[in-house]
Amino acid sequence: MNDSASRTSVFGPGADAHQCDRLLGEALSRGGDYADLFFEHNQSGSFTFEDGRVKNVGRGVSLGMGARVVDGEATGYAYAQDLEEAPMREAARTAGTIATGGGATEAVAVSASSRPDYYPVDTPTLWAPDDHRLALIRRADAAARAYDPAVSKVQVTLGEGLRRVLVATSDGRLVTDEQPLFRFFVRVVAEQGAKRQSGSSGGGGRQGLSYFEGQRPEEIGREAARIALAMMDAQEAPAGEMTVVLGPGDSGILLHEAVGHGLEADFNRKATSNYSGRVGEAVASDLCTVVDDATVTGARGSINVDDEGLQGRRTVLIEKGILRGYMHDRLSARLMDAHPTGNGRREDFTVTPYPRMTNTFLLAGQSDPEEIIRSVDRGIYACHFSGGQVNISNGDFVFSLTESYLIEGGKITAPLRGVNLIGNGPDVLTRVSMVGTDFAAADGIWTCGKEGQSVPVGVGTPTLKLDGITVGGTQA
Amino acid sequence: MSDSKHDSKSDSRSDSQSDSTDRLIATAQAVVARAQDLGAHTAEVLLVTHRELTAKIRLGKPELVLQASSRALGLRVIRDQCSAVCHTADLAPAALDEFAAQAVDAARLSEPDPNSTPPDPGDLATAADRPDLDIHDPAMAKVDADQALAMAIAGEQAARDHDPRITNSEGATCSIATGQRILVTSGGFTGSYGGTFASLVVEPVADDADGKKRNGHWWDGRRHLSRLASPQDIGAEAARRTVEQLGARKIDTCQVPVIFSPEAGSQVLSTLFGVVSGDAAYRRSTYLLDREKTPIASGLVTVVDDPLVPGGPGSRPFDGEGLASRKNVVVDRGAFTGFLCDTYAGRRLGRPSTASAGRGISGPPGVTSSNFTLVPGDITPEDLLADTDRAFYVTRLMGFGFNPVTGDFSKGAEGFWIEKGKRAFPVSEVTISATLDELLLGVDGVANDLDHRSSTASPTFRVKTMTVAGS
């Protein structure tokens, strides 16, 4: 399926401008404020390497068109897998049954809109020579095994995709985008006598194989092995409230959970978020500036256009502790009388968009990272995580540490067993007392789930010091 | 493991479906034959169809009506012990010929794995072992958007009427799903089953002190529409669960007994499934590696994986490789019976499959659970509570805090503080920690309130002691 021909015509004549006009007209035939068509062609592939061999090769293609009609706060949605006139008209008509206001809408005439290019990739990894990709996988495997004789299992996976979308909207936009993406991931199990531990590391983004010129696969393999070995003799973690220093990069997951979701406008439109109605108020310490930035070149969460045809952009959410605004999709922007921010995203053509994060970062501060650690008499240093979760309404969020250490007398000491941290969103950022100069974006491995839909995202932060968060260890 | 709310499998075929089912079986058979012609030694096709109606309302008004149907086909080929899995939604004959050729071609990129084999044809389920699992309800096909909206509106209204402290709502959602699975293999297996699942979830919101909101939710989901709890009951229960969290606070860090509600308990069971799976065993990614035939839980704990539960959300007449479904006792009065296996994991571990293969269109078979449950005990949850002096009662768990290799378990939790057998006050923003080993060995009470609403399900149970971390 290395078919590089017809990059722009995967949708066939079903998606030409006149056909879109007709379908949008059909969608709005009973009324409605807005309609759009979302065409998606998603080509995917995977390699699974385990026990020293390529164990499985996966390939797939999905294709379809979702039709949406919005009438007030109500959305009608239907989709078709066949891009023939009849099933697409049926989908448009079905979506339109949500509207109750009656027809007589003006004719729609879409015309092509321009877009930026935040992921200029000549050859998506999916189309790169198979032996090049398999060689990268073998290099990571070999490096992980060579790291230490204790390494007993190595699994390397490469997941790749090329998602092509075309969005046609009743306000006249017709936009296309090609979104390449890959994720390279290594898992290691190490064993010493009866003790066993795991470690993992990965990377990727909206880039071609040139990514591996900057980040060698050996480094990813070794990092996974390093974590497994470093955590082998981990001791039980303390329980209770204490100072926590978060390392740069992956710790951005805290931000994603603690404030990111709460600033997605759907929750605020419905006044079900802790951050509802608080624009202009202090919601974080004045050391904190938080942005959602879809424009980072080649990043996993970047988007040229969102899944509603609007350009991706950089939005300041919190500026020096003051809440500046929310992340919107078209629906929330219209209902809250705000500017859209290009955050309307969806997993695929079978579902409707919601306000979603892209790359969410806390920007660098003034403190020397080593000085931050030195300032802690007793606490925890956390640097790798398996994931997080938040309850939007009460603001409680958790994130799970997979690599962390005690800090004693200003020094990083003993490794700690896997432990969960829990905090409250609107509270935790007020406890940020030091922000490092060492901002780093996490490498491209994170996926965010909401409303049952997964989308790729980026996170990033400098070293942060939190004065008091509950650590869920066992040593009371 | 699939979320039961999105499950849609069944075993009986309605008449209206059988025509198209026969056509889809013929399509799957043609793809298997084509792949064999092209040199595949093994070819297996899974074809799935899905139809859904989702109606979401909020504050009495429609928010979303989604109506659609889809289908997709996945093909696994094995050639000279080399595997590939490809999927497509384009079922036109010419496209499928090309698709089969691409799959056979892709297998050349993988490397020989002597354990990549299909089940022995003699082990495949025959037409005689297709039990009626009561998982298809023809009435669901007749539900229209207006009816689904009406159920959602009634559920939300019941929540708002139940308690004046319900001040807002995240809405209510009614979903009706119908699906079919067709499996055809070159080993000689042809089988299909279809099924239905209806669910209603209500999510009220209340205002708490300091600008905090409290959300709660309650839901029901059943294979048969007539067995779904009434919207009024679901809404009232959702409201009750929301307002009882008002005023929730942290507690001081302590070591106390912990009682798991059925909802929190089912999450513990999900965690357990991950470490009794043969996939985890051959990857050496489970703390139970050398623990077969030994105690891994207290004698009160018996865990079964039973795909034959009538009307069960995880019920299936045959597994993802065409083996007849059977009930597996995974933990028998505390003793670990053995890892659940599909054919591949079984071969890696030197033993037969336990007919535990799951399969999706986009990957090879893998070990999955069906109806994975903690077998209920004799006492009521009320009696279990009354028998407890001080404890933390968990209603909700949060987060990914589990390491299968070491068994370290640490998750966010909310619920109630229990004092002298009664709920004293609501608790939030704490974590509970132990190893899963300590947790299971420490179970000292199992109640009788098992409900098969979700495919992984648990009754209320109590653990002797865990660390609760708070202030």
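Okay, let's start with charge. In chain A, there are 46 positive and 62 negative charges, and the mean positions of the two sets are 3 Å apart. Chain B carries 49 positive and 62 negative side chains, with the two centres 2 Å apart. Before I go on, please keep in mind that this is a predicted model.

So, what do the chains look like overall? Let me take chain A. It has ten helices and 24 strands. Its radius of gyration is 24 Å, close to the 23 Å that the globule rule gives for 476 residues, so chain A is as compact as a globular protein of that length. If you draw a box along the principal axes, the C-alpha atoms of chain A fill roughly 75 × 55 × 35 Å.

How much of chain A is buried? Out of its 476 residues, 64% count as buried. The chain exposes about 15900 Å², and carbon and sulfur atoms supply 47% of that. Now look at who touches whom along the sequence: take the contacts in chain A with a separation of 6 or more, and 76% of them come from residues 24 or more positions apart.

On to chain B. Here we have nine helices and 20 strands. A compact globule with 471 residues would have a radius of gyration near 23 Å, and chain B, at 24 Å, agrees with that. Its C-alpha box, again along the principal axes, is roughly 70 × 55 × 40 Å. In chain B, 62% of the 471 residues count as buried. About 16800 Å² is exposed, with 49% of it supplied by carbon and sulfur atoms. And for contacts between residues at least 6 apart in sequence, 74% join residues at least 24 apart.

Right, let's zoom in on one residue, Lys450(A). Where does it sit? Find strand E21 of chain A, residues 447-450, and you'll see Lys450(A) there. Is Lys450(A) buried or exposed? Its relative accessibility is 7%, and the cut-off for buried is under 20%, so Lys450(A) counts as buried.

What does the side chain of Lys450(A) make a polar contact with? One partner is the side chain of Asp266(A), at 3.0 Å. There's also a backbone atom to look at: the oxygen of Pro355(A) lies 2.8 Å from a polar atom of the Lys450(A) side chain.

Both of those residues are also on the list of what Lys450(A) touches, leaving out residues up to four places away in sequence. The rest of that list is His261(A), Glu264(A), Phe267(A), Tyr354(A) and Arg356(A). Go ahead and find them in the structure!

Conventions: Residues numbered from 1 in each chain as written. Chains lettered and ligands numbered in written order. Predicted model: local features only at pLDDT ≥ 70, side-chain atom pairs only at ≥ 80, totals over all residues. Heavy atoms only, no water. Helix = DSSP H or I, 4+ residues; strand = E, 2+ residues; numbered from the N terminus. Buried < 20%, exposed > 50% of the residue type's maximum accessible area, 1.4 Å probe, protein only. Polar contact = N/O pair within 3.5 Å; in protein donor to acceptor, adjacent residues only side chain to side chain. Contact = heavy atoms within 4.5 Å. Rg over C-alpha atoms; globule rule 2.2 N^0.38 Å. Areas by Shrake-Rupley, 256 points an atom, 1.4 Å probe, with all protein chains shown as cover. Lys, Arg positive; Asp, Glu negative; His and termini not counted. Charge placed at Lys NZ, Arg CZ, Asp CG, Glu CD.
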